[in-house]
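Got your viewer open? Load the model below and we'll walk through it together, one selection at a time.

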Amino acid sequence: MEIKDLNYCNMNTNTIEISSDDSDDDHKNENRYLPKPDTSPMEEDSSSSSSSSSSSEDSEDSVFPSTSQTTTVTKSSQESRSSKTRKTKSRNSENKKISAAERQALKKKMAVERKAAKDANKVYKPGECMKHMTIEMHPVLLESWYCADVAREAAASGVKVRASSAICDPSLVLWTRTVPPTLTNNDGMMELSAPRMPCERALYVQRLDDAAPLVAARSLADSARQARALAGCPLTLVLYGVKDYFKKSGRKTVNSSNKIISEKDLEEAITDVLVSAACDTVRADTPNELALTIVRFTKAVAETPYKKARRAVDERAEFYMRGDNKKCVAVDKDGNGLGRLWQQMLAVLPMASLESSRALCARYRSPLALFETLLAPGGVAAVADVGVTRAAAPGSKARRIGPEFARKLELLFTATDGSTLID
């Protein structure tokens, strides 16, 4: 039993050994088919750790750039932003410069236009228009003895006198106005307008000694019609020396028997000229009177455009206020005179007097105060009870405004219908 047990143990031991050998062979066989590593396990661990760290660094670099790279990117972005800002500022400054230059040019243009408009208005403005007028007369008429005072009176009024031999009839007196030149379109060609503009009015000066044969022949109207056709504008006939022609003397002379017309004939001829030739007639008896007549017509011709423009504006209104200029009160820019104006407004009303207007102005300082009083309940009675002093003498009795005048004031201030009559 002992031997058997030993054998059994040996068998088991062999079995175990055999089995262990087989496993080693198997491991060896397995190791034959595996690739042989070049490094040791520690090296493998270190290499693996380095590779992992490098891969992690690469991944970190790919996701989170380094500090130097971040600084470079930030600087480049800041430089790009600053360059863009500088470009924007330069563009804005250029635009500001351009806009400032444009504004300056626009200001200069507007100043030039205002100056031109002001100069153009001076040509027609009363008081300034005479400086731009020129009286044109034929040399024969200008050198005649009865026109000797024309140059002196014209110079005193600021008007220039020019001798023009181009006038067809020596008896004609024409006017021209000096105007600023403007561009005009003449069949597609731009041209500057003439510096002198003819005026639409003329005078025809004749001595009665020269016009008497025409009056006797009843052809004075035909002569005036021909002169108007030559002038090309409305005409006024000026007869010089009418008083001297019909002057009666105590003794008979050669000239007294040479009168071929009478005063009646002259009046009939003047009427014929007015009706047939549409020419009015003016008389002058002395050289100074003739010169003043020409200057007076010059002023009328110079102010005609201004008056026509003002009349055109006035005709657009429903009523004419320029004629109602009586008893006006001047009010300056500081408001001085408003009290007197308010008193004058009340004084012109029916049943009003200077004392009643003074009393109302003393109680109600403005039209608004009176209006608010009249709108309030019992306002008419309050206005009617305002006392009016009859005179400044002591002991004088006072009277009231009265209900009738208060009612008219209420109607005037509160009526909504413009056609309401205040009786």
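Here is a short tour, from the whole chain down to a pair of helices and a surface patch.

**Stop 1: the whole chain.** Keep in mind that this is a predicted model. Color by secondary structure and you should find 15 helices and ten strands. Now switch to burial: of the 423 residues in the chain, 23% are buried. Turn on the surface, and you're looking at about 29500 Å² of exposed area, 55% of it supplied by carbon and sulfur atoms. If you draw a contact map, count the contacts with a separation of 6 or more: 65% of them link residues 24 or more positions apart.

**Stop 2: two crossing helices.** Select residues 367–375, which is helix α13, and residues 403–414, which is helix α15. Their axes come within 10 Å of each other and cross at roughly 105 degrees. An angle from 65 to 115 degrees counts as roughly perpendicular, so that is how α13 sits relative to α15. Next, show side chains. On the α13 side, pick Pro 367, Leu 370, Phe 371, Leu 374 and Leu 375. They meet Ala 406, Leu 409, Glu 410, Phe 413 and Thr 414 in α15.

**Stop 3: a nonpolar patch.** Back to the surface view: select Val 331, Leu 338, Leu 341 and Met 345, which make a nonpolar surface patch of about 320 Å². Zoom in on Leu 341, found in helix α11, residues 338–347. Is Leu 341 buried, exposed or in between? Its relative accessible area is 31%, so it counts as partly exposed.

Terms used:
Residues numbered from 1 in each chain as written. Predicted model: local features only at pLDDT ≥ 70, side-chain atom pairs only at ≥ 80, totals over all residues. Heavy atoms only, no water. Patch = residues over 30% accessible without salt bridge, like charges linked within 9 Å, V, L, I, M, F, W, Y side chains within 5 Å. Areas by Shrake-Rupley, 256 points an atom, 1.4 Å probe, with all protein chains shown as cover. Salt bridge = Lys/Arg side-chain N within 4 Å of Asp/Glu carboxyl O. Helix = DSSP H or I, 4+ residues; strand = E, 2+ residues; numbered from the N terminus. Buried < 20%, exposed > 50% of the residue type's maximum accessible area, 1.4 Å probe, protein only. Contact = heavy atoms within 4.5 Å. Axes fitted to C-alpha atoms, helices over the stretch in contact; angles between N-to-C directions. Parallel < 35°, antiparallel > 145°, perpendicular 65-115°, else oblique.
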